[in-house]
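Hi,

Here's the structure I said I'd pass on. Have a look, and my notes follow underneath.

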Amino acid sequence: MEKPKAKGGCSDKNCPIHGNLIPRGREFNGTVIAKDVHGTATVEFDRRVSVKKYERYAKKRTRLRVHNPECINAGIGDLVKVTECKPLSKTKNSVIVEKTGKDVLYQQKAEALEEGKAPEEKEEKRESEETEAADKKKAEQPQEKPGKGQDKSSQDGKDEEQSAGSQGDATEEDEAEPEDKKGEE
Ligand SMILES: [Zn+2]
């Protein structure tokens, strides 16, 4: 249907477009991860499975052996639409019906999986986030110190103590502890 040129050239009797095969049943959308010489491909796709115990969904990866018709001839990394059909062999009961595009991230994913980069990158991101958080804490600490200084000055005047109390009881308590220790020493 998409490729009128192939009408004469496609001699695949199991082609859903030019052959006698009637696709029926469930439909899947996946990525071609392997391609064999004799019109067979392996398609992979993710699906969600509900886990009752945790009331959440888990990701599962499914791999299907599918028929790859001559005229469609999907390559590795192609996004394809797969439909169930009659059993074509021991392991094949689905056929690629349509090429829907290219999986742009497929190569990156494959390379990352091979080199084990994917987990390392995540760890690096986490570390950077932690350092950022630490930097923020460091930045916040000097801001608190001048606030304490203001409280100390406010202790001289009773009227200003009320305004200091509104700033936060915790800061006053922190101040009180070191003063008490000094008195004990
Ligand atoms: Zn065909």
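First, a term: I call two residues in contact if their C-beta atoms, placed from the backbone, lie within 7 Å. Bear in mind that this is a predicted model, where local features need pLDDT of at least 70, side-chain atom pairs count only at pLDDT 80 or more, and totals for chains, interfaces and linings use all residues. Numbering runs from 1 along each chain as its sequence is written.

Let's begin with Thr 42, which touches Ile 33, Ala 34, Arg 63 and Arg 65, leaving aside residues up to four places away in sequence. Thr 42 sits in strand E2 (residues 40-51); strands (E, at least two residues) and helices (H or I, at least four) are DSSP runs, numbered from the N terminus. From Thr 42 to Thr 31 the C-alpha to C-alpha distance is 8.4 Å, with their positions 11 residues apart in sequence.

Is Thr 42 buried or exposed? Neither: it's partly exposed, because 18 other C-beta atoms lie within 10 Å. The cut-offs are 20 or more such atoms for buried, 12 or fewer for exposed, and partly exposed in between, again with C-beta atoms placed from the backbone.

Now the strand pairing, which takes at least two DSSP bridges between two strands. E4 (residues 78-84) pairs antiparallel with E1 (residues 27-35) over five bridges, and with E5 (residues 94-102), also antiparallel, over seven. Val 80 of E4 is the bridge partner of Gly 30, and Val 80 has Lys 99 as its partner in E5.

Last, helix H2 (residues 106-115) is hardly covered, with zero buried residues among its 10. Just after H2, Gly 116 has a positive phi of about 65°.

Cheers
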